[in-house]
Amino acid sequence: MIARKIPRELWDNVIDSRRPHSIASLKDLSLVCSAFTPAAQRVLFHKVIVADRRRTSRRTKITAYILARRLVDLILSPSSSHLVSYIRELHVASDNSDCYAILSTIPWNCLRILTLEKISRIPDPAKSSVQNLVRTPSLRRLEISVAYDESEKEVLERLLWILESCAPNLESLALLGCVNREGSIQLPPRPDFPIKLCTLSLTSCKGLEPLLLRIFDLTSLQNLQCVNSWTPNVESLLDNLGSSIEHIIVSPEDPELQKLDLCTTFPALTAITATCLPCLTTPRPVPGHVARGFPPRQGPSSFNAMLDGLSQHSINNISRIIFRTDGYRFEAQSLALWHKKSIAEFEDLALTQHAMTLRRVEVEVNIEHYFESDEVCEQLYDVVRTAFPRLHEKGLLFVYLLDGYA
């Protein structure tokens, strides 16, 4: 009875603030009290993944088609039809035509992010269904991820008609592992009203600049991620379109970064994110979905390389600098191996050159929350604060622990 007297918005905030959640805890929470059910369902159905899964306990495989069929049956049920309004992200990895056909029948009125994997394996009969998904009017971000073992020719063929079908309201495009080595992709006719992107993310992508310029309007681009994707074509592209970019995400492992004059190329730049891999105490396995062409993680800490790179540039307008660890489980011992000399030089840079503009330095640490206790998480916070003593003392340091990949 007490729960029903408290405004629902307050319960929503309380439940949302307890992230990361486990599926089991959310299910239990929704059964405790009817007042908790909407908030728990919003988190449970915020992101839906339709891909082949294997149950380790029973060693049985659940295909993407079965998952799509179950999703449709759930949404079409009168008692649960409201769940589709909670779905904001849809992640699809399937080579089954019927799977895409089923998904394209769902009214995705609130879908904001669509991720497509294994696009080279999308069968030809599924073309219209995939195009219907990409044309969803509410869609704001499209992500396309290519595995290292996919056929480059088939990837480019499908990439072309997927991008041509994008919804006119699309604001953000992310491509991972799409490579056009020979420049053989046939450019489509220029649209009368090209889609105006605000955010473009390129990771291990090369040779796509002509295609992107043909389909999209990049003159108002505000956010750019370019990781392992620097080429002379990208530099010429940025010379013409860099005047509006406010935030850039880079990897210090790209040798071309050291040659880039950030101040000249991006006069409106106010934030920079460095996707880094700090020194690790023990080797970590490479994730199974690493994209084709992504460089092996070897050698010294790329975090330290980023600090060295920043110290070489005059970027007086920067108000926010973010260091983001990328793709590996993180340990407190790893932070202890960051070079104290590089950090001291960076603090000097931040507190002198950027003293008038810098408002925050953020360190985003990737962890796997089901391995980490509250005690370990607090230890990570303390180690980061200790690593940047002067920034912490000045109130400029902000630390975030992220579950999963940043």
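Helices (H or I, at least four residues) and strands (E, at least two) are DSSP runs, numbered from the N terminus. The model here is a predicted one: local features need pLDDT of at least 70, side-chain atom pairs count only at pLDDT 80 or more, and totals for chains, interfaces and linings use all residues. Residue numbers start from 1 along each chain as its sequence is written, and side-chain values use heavy atoms, with hydrogens and water left out.

**Exercise 1: a helix and its sides**

Work out what end-to-end span helix α5 should have, and where its buried residues sit.

Step 1. The expected span is 1.5 Å times one less than the number of residues. Helix α5 covers residues 64-76, so its 13 residues should span 18 Å, and the end C-alpha atoms are indeed 18 Å apart.

Step 2. Now pick out the buried residues (under 20% relative accessible area; exposed is over 50%, partly exposed is in between; 1.4 Å probe, protein chains only). In α5 these are Ala64, Leu67, Ala68, Leu71, Val72 and Ile75. They cover an arc of only 135° around the axis (taken from the directions from the helix axis to the C-beta atoms), which puts them on the same side of α5.

Step 3. Here's the background: an α-helix has 3.6 residues a turn, so residues three or four places apart point the same way.

Step 4. Look for a salt bridge in the helix (a side-chain nitrogen of Lys or Arg within 4 Å of a carboxyl oxygen of Asp or Glu). Asp73 pairs up with Arg69, with the closest N and O atoms 3.4 Å apart. Both sit in α5, four residues apart, about one turn of the helix. Asp73 is partly exposed at 44% relative accessible area, and Arg69 is partly exposed too, at 32%.

**Exercise 2: more charged pairs**

How many salt bridges does a search of the whole structure find? Then go through some of the charged contacts.

Step 1. The search turns up 12 salt bridges.

Step 2. Take Arg140 and Glu171, whose side chains meet at 4.0 Å, N to O. Arg140 is in the loop between α7 (127-134) and β6 (141-145), while Glu171 is in the loop between α8 (152-164) and β7 (172-176), so the pair ties together parts that are 31 residues apart in sequence. Arg140 comes out partly exposed at 27%, as does Glu171 at 39%.

Step 3. Next, Arg360 bridges to Glu362, with the closest N and O atoms 2.7 Å apart. Arg360 is partly exposed at 23%, whereas Glu362 is buried at 7%. Arg360 also lies over the face of Phe398, 3.7 Å from the ring centre (the rule: NZ of Lys or CZ of Arg within 6 Å of the ring centre and within 35 degrees of the ring normal).

Step 4. Finish with a network: salt bridges link Asp124, Lys153, Glu157 and Arg158.

**Exercise 3: an aromatic cluster**

Which residues do ring pairs link into a cluster?

Step 1. Set the rule: rings of Phe, Tyr and Trp (its six-membered ring) pair if their centres lie within 6.5 Å, and planes under 30 degrees apart count as stacked, over 60 as edge-to-face and the rest as tilted. That gives two aromatic pairs.

Step 2. Phe323 and Phe346 are edge-to-face, 5.4 Å centre to centre with 75° between the planes. Phe323 belongs to strand β14 (residues 320-325) and Phe346 to helix α14 (residues 340-352), 23 residues apart.

Step 3. Phe346 and Phe388 have ring centres 6.5 Å apart and planes at 85°, so this pair is edge-to-face. Phe388 lies in the loop between α15 (374-387) and α16 (389-393), so the pair ties together parts 42 residues apart in sequence.

Step 4. Put the pairs together and you get a cluster of Phe323, Phe346 and Phe388. Phe323 is buried at 2%, Phe346 is buried at 1%, and Phe388 is buried as well.

**Exercise 4: a strand with two neighbours**

Which strands pair with β4, and which residues stand opposite His91?

Step 1. Strands pair if DSSP finds at least two bridges between them. Strand β1 (residues 47-51) and β4 pair in the parallel sense over five bridges, and five bridges also join β4 to the parallel strand β5 (residues 113-117).

Step 2. His91 in β4 is the bridge partner of Ile49, and His91 stands opposite Thr115 in β5.

Step 3. Four of the five residues of β4 (residues 89-93) are buried, so this strand is largely enclosed by the rest of the structure.
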